[in-house]
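Work through the exercises below with the sequence and the structure open side by side. Each task is followed by a solution in steps.

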Amino acid sequence: MVILFGVMVMKNEEKTFEIKKTFSILIVCWLIIIGAFMMWTINNEKGSVYIYATNEARAGFEKDLLYRYWSTIHGGTYVPVTEHTPPNPYLNHITERDILTPSGRKLTLVNPAYMTRQVHELGEKLYGMKGHITSLNPIRSENKPDDWEVESLKSFENGTIESLAIKIFEGAEYLRLMRPLIVEKSCLKCHAKQGYVEGNIRGGISISVPLKSYKAVSIKNIKNLVIIFGVIALLGMVGLFWVGLLMNRKELDRCIAEQALKEATDISRDNMINQHVTTSRCLDALARGNSVKCSTNHSNGSSNFFRNNRSAAVVPSDRFV
Ligand code: HEC
């Protein structure tokens, strides 16, 4: 019995170890899956900074095109001469560059590039977004391109439609986007004398979007993601641990039941053997004609068995008479 119990305990310990092992593997797998999913989401979140900044830069470029188009179809715009908006020396050849209103106000013609420059200055002051209109062949020397713009403008000549890069200006990170400006019929009024024809690339506009505010939002989102994934990972671990405990307890119950069943089977088998021995002795005695008092110390079941079989036991004794 003690050996049997020992074997049972060992079996149960083996099973418990197996369950523990399986659930440890499951928990590790769960943590790996959640970890991988978290890294993927964080990477996406980091990437979204560049997507949002690119979209902002594209929107900025398209807005530039839009008001430039408006200005171009009007052949430029007349605005009051101020300290900030003096007459453009590069429009000297235009006869009506400067005009006087009937009341005596001085107006000057602002070409699209001049307008773009002033809008970019305002944009940088108000929103921190830098813009630069430029060309490989600039009329105005200040419009000359920087190294990255030179590369981009050259790539436009080879058919590239957009150039993107991350650059650092004065210690701050910027997303830079550049697209070409194509010569249209309306541009030729001022640019034909430089030899441009419709369809040529006159230059381009580069937009630089500061990444600081996007990154600040992204860091906040990443912190929230880490907390959310941490809670999910923890809940999953607790769930798995709980299921593991339940299975372990079930296994223990099953083991106890199995042990009880085994013990009960062994007892009844022992009873049967004892009963068989007693019955044989009685039959022998009856056969020898002795009056016997057959009794058994075992369970009622055993006595009943003997009683029920007594007549059967007498019959064969006749054969011995
Ligand atoms: C009313 C005249 C006028 C029209 C119309 C005009 N431009 Fe210009 N553009 C100029 C002048 C003058 C400059 C150079 C000085 C400056 O920055 O104002 C210039 C500058 C530029 C520049 C910057 C590089 C440089 O040469 O300094 C680009 C690019 C440009 N123009 C493209 C265009 C395109 C494309 C169109 C048509 C969609 C166009 N312009 C229409 C007058 C004009």
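Axes are lines fitted to C-alpha atoms, for helices over the stretch in contact, and angles run from 0 to 180 degrees between N-to-C directions. Two residues are in contact if their C-beta atoms, placed from the backbone, lie within 7 Å. Helices (H or I, at least four residues) and strands (E, at least two) are DSSP runs, numbered from the N terminus.

The model is predicted: local features need pLDDT of at least 70, side-chain atom pairs count only at pLDDT 80 or more, and totals for chains, interfaces and linings use all residues. Residues are numbered from 1 along each chain as its sequence is written.

**Exercise 1. The chain as a whole**

Task: State how many helices and strands the protein chain has, and give their order from the N terminus on.

Solution.
Step 1. The protein chain has seven helices and seven strands.
Step 2. Read from the N terminus, the order is α-β-β-β-α-β-α-β-β-α-β-α-α-α.
Step 3. For burial, count C-beta atoms, placed from the backbone: a residue is buried if 20 or more others lie within 10 Å of its own, exposed if 12 or fewer, and partly exposed in between. In the protein chain, 15% of the 321 residues count as buried.
Step 4. Take the contacts between residues at least 6 apart in sequence; 65% of them join residues at least 24 apart.

**Exercise 2. The sheet of three strands**

Task: Give the strand order of the sheet of three strands and find the strands at its edges.

Solution.
Step 1. Two strands pair if DSSP finds at least two bridges between them. Strands of a sheet pair through backbone hydrogen bonds, either parallel or antiparallel.
Step 2. Here the three strands form an open sheet with the order E1-E3-E2 and antiparallel pairing.
Step 3. The edges are strand E1 (77–80) and strand E2 (98–100); each has a single partner strand, so one side of each is left without a neighbour in the sheet.
Step 4. From one strand to the next, the twist averages 35°.
Step 5. E2 and strand E3 (residues 106–110) run antiparallel and are joined by three bridges. Ile 99 stands opposite Leu 107 in E3.

**Exercise 3. The sheet of four strands and a helix across it**

Task: Give the order of the four strands, then say which strands H2 lies across.

Solution.
Step 1. The order in this open sheet is E4-E7-E6-E5, and the pairing is antiparallel.
Step 2. E4 and strand E5 (163–169) have a single partner strand each and stand at the edges, so one side of each is left without a neighbour in the sheet.
Step 3. With direction ignored, neighbouring strands of this sheet are turned by 25° against each other on average.
Step 4. Five bridges pair E4 with E7 in the antiparallel sense, and His 132 stands opposite Ser 206 in E7.
Step 5. Nine bridges pair E6 with E7, again in the antiparallel sense. Ser 206 in E7 is the bridge partner of Met 178.
Step 6. H2 lies across E4 and E7 and runs at about 165° to E4.
Step 7. Seven of the 10 residues of E7 are buried, so E7 is largely enclosed by the rest of the structure.

**Exercise 4. The largest nonpolar core**

Task: Find which elements supply at least two residues each to the largest nonpolar core.

Solution.
Step 1. A nonpolar core is a set of buried Ala, Val, Leu, Ile, Met, Phe, Trp, Tyr and Cys residues joined through C-beta atoms within 7 Å.
Step 2. The largest core has 17 residues, of which Ala 57, Leu 175, Leu 177, Ile 205, Ile 207 and Val 209 touch the most other members.
Step 3. At least two residues of this core come from each of helix H1 (2–73), H2, strand E6 (172–182) and E7.
Step 4. E6 gives the largest share, five residues.
Step 5. Apart from neighbours within four places in sequence, Val 209 is in contact with Ala 53, Glu 56, Ala 57, Met 129, Tyr 174 and Leu 175.

**Exercise 5. Cys 187**

Task: Is Cys 187 buried, partly exposed or exposed?

Solution.
Step 1. Locate Cys 187 in the loop between E6 and H4.
Step 2. Within 10 Å there are 19 other C-beta atoms, so Cys 187 is partly exposed.
Step 3. Beyond its neighbours within four places in sequence, Cys 187 is in contact with Thr 72 and Arg 202.
Step 4. Ile 73 is 114 residues away from Cys 187 along the chain, and their C-alpha atoms are separated by 8.8 Å.
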